[in-house]
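Subject: Handover of a structure and its description

Dear colleague,

Please find below the structure that I am passing on to you. I would be grateful if you could keep it open while reading the description that follows.

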Amino acid sequence: MKKMYEHIEIDRKKLINLFIFQANDTERVIPMHFHSNMELIYCISGSLRVWHDGKVITLMDQDLLFINTNIPHSTQSLTENRVLVLHFTESFFANEQVVIQLNTSEERMDEEILSNLRNLLMEIYNLHVSTGTYDYILAQSRVIELKYRLVHHFGQVAQSPSATNSARQQRIQTILDYIKEHYTENISLAETARVCGYSEAYLSRMFHEYTGQTFTEYKQILCLEMAIELLDSTNKSLTEISYETGFPNVKSFRKAFKEVMGKTPYEYKKSSEVQM
């Protein structure tokens, strides 16, 4: 599992940031987060589970998903996959004042439109990584074409964000930050609610409605991410790793690891050694 917290820098020449990642098995998980930049995910092959906007979906071969600004999301690779990710600045569609509604895993759409969009995305990627001196100019034109296609086919009039939604986003961010700072201490929902100034029931409901994950699921992914890093980089025992990463005991660590990764910590360690 690779640690990826999406520090996003947009190249002014190329207007967007993009990359392709490939994952084996279920080793790639990005914990729940949100950012002002918008994100387009193209699952070229394989499958990818995505928590976003309070729900869970699975992207399969050739599926596309657009995540608008400040929408909490998390991803997990369910199988070996190849995924293209594009990031746009929050002002990318400012003049058009639209949000993009694109989710091919849930909605049937014109296949010709989608095929043209997929081909354009791959062309943009190839131009993006090209070493040609002036290829970035051609890339810019393709990005503008992408903008047109997204707005024309999938754009909907944007609603002005309310003060209530902005305040709610800030509350969620405060909670996420607290969990990230203290998850190795095996913090509880009750403790987090008390520190953040909410009732346990309210925090639990708000967290799930806004992220699509429970408090326990989110904390568990953070714990597993750290555990896998220790499995990869140290020879510490499972007992040591379980306590250092916020699990109450080895049994709960093994159970959570098996549920998410599809193999035991021992099996994972052995497979990693074979690959090396």
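I begin with a pair in helix α2: E145 and R149 are four residues apart in that helix, and therefore about one helical turn separates them. Their side chains form a salt bridge in which the closest N and O atoms are 3.0 Å apart. Both partners are partly exposed: E145 has a relative accessible area of 26%, and R149 has one of 21%. Please bear in mind that this is a predicted model.

**The protein as a whole**

The protein has 276 residues, of which 45% are buried. Its secondary structure consists of nine helices and 10 strands. If one takes the contacts with a separation of 6 or more, 73% of them are between residues 24 or more positions apart.

**Salt bridges**

Side chains of opposite charge can pair when their charged atoms come close. In this structure there are six salt bridges, and the pair described at the start, E145 and R149, is one of them.

Another joins K55 to E106, with 3.1 Å from N to O. K55 belongs to strand β5 (residues 55-59), whereas E106 is in the loop between β9 (98-100) and α1 (111-128), so this salt bridge ties together parts that are 51 residues apart in sequence. K55 is partly exposed at 33% relative accessibility, and E106 is likewise partly exposed, with a relative accessible area of 45%.

Helix α2 also takes part in a salt bridge between R142 and E123, where the closest N and O atoms are 2.8 Å apart. Since R142 lies in helix α2 (residues 135-154) and E123 in helix α1, the pair ties together parts that are 19 residues apart in sequence. Here too the partners are partly exposed, R142 with a relative accessible area of 22% and E123 with 30%.

**The nonpolar cores**

Which residues touch the most other members of the largest nonpolar core? They are I175, I179, Y218, F253 and F257, in a core of 34 residues. Several helices contribute to this core: α3 (163-182), α4 (189-196), α5 (200-211), α6 (215-233) and α8 (250-261) each supply at least two residues. Helix α6 gives the most, namely nine residues. Apart from this core lies another one, with 27 residues, including I16, L18, L84 and I100.

F253 deserves a separate look. Is F253 buried or exposed? F253 is buried, with a relative accessible area of 0%. Leaving aside neighbours within four places in sequence, F253 is in contact with L224, A227, L238, I241, S242, F247 and P265.

**Aromatic rings**

The count of aromatic pairs comes to nine. In one of them, the ring centres of Y198 and Y202 are 5.6 Å apart and the planes stand at 45°, so this pair is tilted. Both tyrosines are partly exposed: the relative accessible area of Y198 is 22%, and the relative accessibility of Y202 is 28%.

F253 appears again in an aromatic pair, this time with F257 as its partner. This pair is edge-to-face, with 5.8 Å from centre to centre and 80° between the planes. F253 and F257 are four residues apart in helix α8, and therefore about one helical turn separates them. Like F253, which has a relative accessible area of 0%, F257 is buried, and its value is also 0%.

Elsewhere, F66, F88, F92 and F93 form one aromatic cluster. F92 has a charged partner as well: the charged end of K147 sits over the ring of F92, 5.1 Å from the ring centre.

**Cysteines**

A disulfide is a covalent bond between the sulfur atoms of two cysteines. How many disulfides does the structure hold? The number is zero. Two cysteines may be noted here. C196 is buried, with a relative accessible area of 17%, and C223 is buried as well, at 2%.

**Where to look in the structure**

You may wish to begin with these places:

- the salt bridge between K55 and E106;
- the edge-to-face pair of F253 and F257;
- the ring of F92 with the charged end of K147 over it.

With kind regards

Technical notes: Residues numbered from 1 in each chain as written. Predicted model: local features only at pLDDT ≥ 70, side-chain atom pairs only at ≥ 80, totals over all residues. Heavy atoms only, no water. Core = buried A, V, L, I, M, F, W, Y, C linked by side-chain atoms within 4.5 Å. Buried < 20%, exposed > 50% of the residue type's maximum accessible area, 1.4 Å probe, protein only. Contact = heavy atoms within 4.5 Å. Phe/Tyr/Trp six-rings, centres within 6.5 Å; stacked < 30°, edge-to-face > 60°. Lys NZ or Arg CZ within 6 Å of the ring centre and 35° of its normal. Disulfide = S-S within 2.5 Å. Salt bridge = Lys/Arg side-chain N within 4 Å of Asp/Glu carboxyl O.
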